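The following note sets out points for consideration by a colleague who has the sequence and coordinates at hand. Each point may be checked directly in the display.

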Amino acid sequence: MDVDLLREHLADLGQPGYRLGQVWKWAASGAPGFAAMTNLPLALRDALAERVPFSTLTVEREARARDGTVKVLFSTADGRPIEAVLMRYEPGAARGGGAGSGREAGRRADGRRAGRRSLCLSSQSGCPLTCSFCATGRMKFGRNLTVWEIVDQALHFRRLSEIDHCVFMGMGEPMMNLDAVLDACRRLPDLGITNRRTAISTVGWIPGIRRLVQEPMPIRLALSLHAADEALRSELMPVNDRHPLPEVIAACEAFYGAKRRKVFVEYVMLAGVNDSHVQAVALAALLDRRIFKVNLIPYNPTDSEFSGSSPRAIEAFRFELERRGLDATVRLTRGRDIDAACGQLAASGTPGDRDHGA
């Protein structure tokens, strides 16, 4: 919902200022449309339905995984494709942790503990940074999303389920569109996602990290690292040539110094590339255990040259990190059977070009 457009039309209709808050409260609580907003006059509901699109996005396709994950392919008004994901976790199922995951669970109306409902939102259509192992990086970059296009991803899933966590780890580099991302973060608490349960993931875009240090919202920071060796990281992530790893680590340490909140390190496990004992030792030496927590991510298949590390290799890597005092967990993969897992979001061409069905 474009709240700026809504405000204009409410003013044109001569409505009092409080109507804007009424409409937004309904939308944020999961209302399916203006018709459901029963404390608005019927004539106003009809007028808004004619004048204001209820969403800035069109749902092109939805896929549901066996584990309850839902992935949606949206298109913007100008035809840009976007994918976003809802991940459902039962109580106790998310011990692997991860950026913005938390370990909290709410309670249902009957008092029983409810599992997490976590969103993975996109900030751009495509991504300009071309990480070699990531399907999104092989898409043609479209543009930054507006704040309302970001919020509308969350509102769509709010209409399906209660939601309580969010990570900006979908399509795009959030730090390259930080104004819109932060504006969206200011709206998310109305949907049930507090700032403390929101994380922004970055490949190491230093200007954005430095801005986040100054941001009063207690948003978590996640760093896509994937190699402790400069040459290998540049090979996997060309952005490393622009923002070298030592400078990125220093920026993350400054974030911790200001916020006193640990930085999540995302490390995708690539067989024979970055999963050796030597590389685990190097990673442990690079990261201050007081500041960083590592989340090892089993590689999810894409059309790249890489293959994922074996469970045994991942566990050995994790063991070595923890033996050296670094907190490390293994990501619980969700939605792999519908290409909704980490690194797999890759709407191609125009919406509808690719079958995303489960």
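1. Cys166 is buried, since its relative accessibility is 0%. The model under review is predicted. Within it, the cysteine sulfur closest to that of Cys166 belongs to Cys185, at 6.6 Å, which is too far for a bond.

2. How many disulfides does the structure hold? The count is zero. Cys127 likewise takes part in no disulfide, and the nearest cysteine sulfur, that of Cys131, lies 6.4 Å away. Cys127 counts as buried because its relative accessibility of 13% falls under the 20% cut-off.

3. The sheet is open and consists of 10 strands with mixed pairing, arranged in the order S1-S2-S3-S4-S5-S6-S7-S8-S9-S10. Its edges are formed by S1 (58–64) and S10 (328–330); each has a single partner strand, so one side of each lacks a neighbour in the sheet. From one strand to the next, the twist averages 20°.

4. Strands of a sheet may pair in parallel or antiparallel fashion, through backbone hydrogen bonds. In this model, S7 (residues 220–224) and S8 (residues 263–269) pair in the parallel sense, over three bridges. Within this pairing, Phe264 of S8 is the bridge partner of Ala222. Helix H5 (residues 178–187) packs on the sheet, where it touches S5 (165–168) and S6 (198–202), and its direction makes about 165° with that of S6.

5. Strand S8 also runs parallel to S9 (residues 292–298), and seven bridges join the two. Here Phe264 stands opposite Lys293 of S9. The connection deserves a look in the display: S8, helix H10 (residues 277–286) and S9 make a β-α-β unit that is right-handed.

6. Is S8 enclosed or open to its surroundings? Seven of its seven residues are buried, so the strand is largely enclosed by the rest of the structure. Both of its faces are covered: on one side Val263, Val265, Tyr267 and Met269 are buried, and on the other Phe264, Glu266 and Val268 are buried as well. The reviewer may wish to note that Glu266 belongs to this buried set.

7. Helices H5 and H6 pack with their axes 11 Å apart and at an angle of about 35°. Their crossing is right-handed. The residues that meet are Leu178, Asp179 and Leu182 from H5, and Gly208, Arg211 and Leu212 from H6.

8. Where is Ile219 found? Ile219 sits in the loop between helix H6 (206–214) and S7. Its relative accessible area is 1%, and Ile219 is therefore buried. Apart from neighbours within four places in sequence, its contacts are Leu182, Cys185, Asn195, Thr198, Ala199, Ile200, Phe255 and Arg261. One of these, Ala199, is 20 residues from Ile219 in sequence, while the C-alpha atoms of the two are 5.7 Å apart in space.

9. Some residues recur in these points and merit joint inspection. Leu182 of H5 takes part in the meeting of H5 with H6 and is also in contact with Ile219. Cys185 has the cysteine sulfur closest to that of Cys166, and Cys185 is likewise among the contacts of Ile219. Phe264 is the bridge partner of Ala222 and stands opposite Lys293 in S9.

Terms used
Residues numbered from 1 in each chain as written. Predicted model: local features only at pLDDT ≥ 70, side-chain atom pairs only at ≥ 80, totals over all residues. Heavy atoms only, no water. Pairing = 2+ DSSP bridges. Helix = DSSP H or I, 4+ residues; strand = E, 2+ residues; numbered from the N terminus. Axes fitted to C-alpha atoms, helices over the stretch in contact; angles between N-to-C directions. Contact = heavy atoms within 4.5 Å. Buried < 20%, exposed > 50% of the residue type's maximum accessible area, 1.4 Å probe, protein only. Disulfide = S-S within 2.5 Å. Right-handed = clockwise from strand over helix to strand, strands pointing away. Left-handed = near helix turned anticlockwise from the far one by under 90°.
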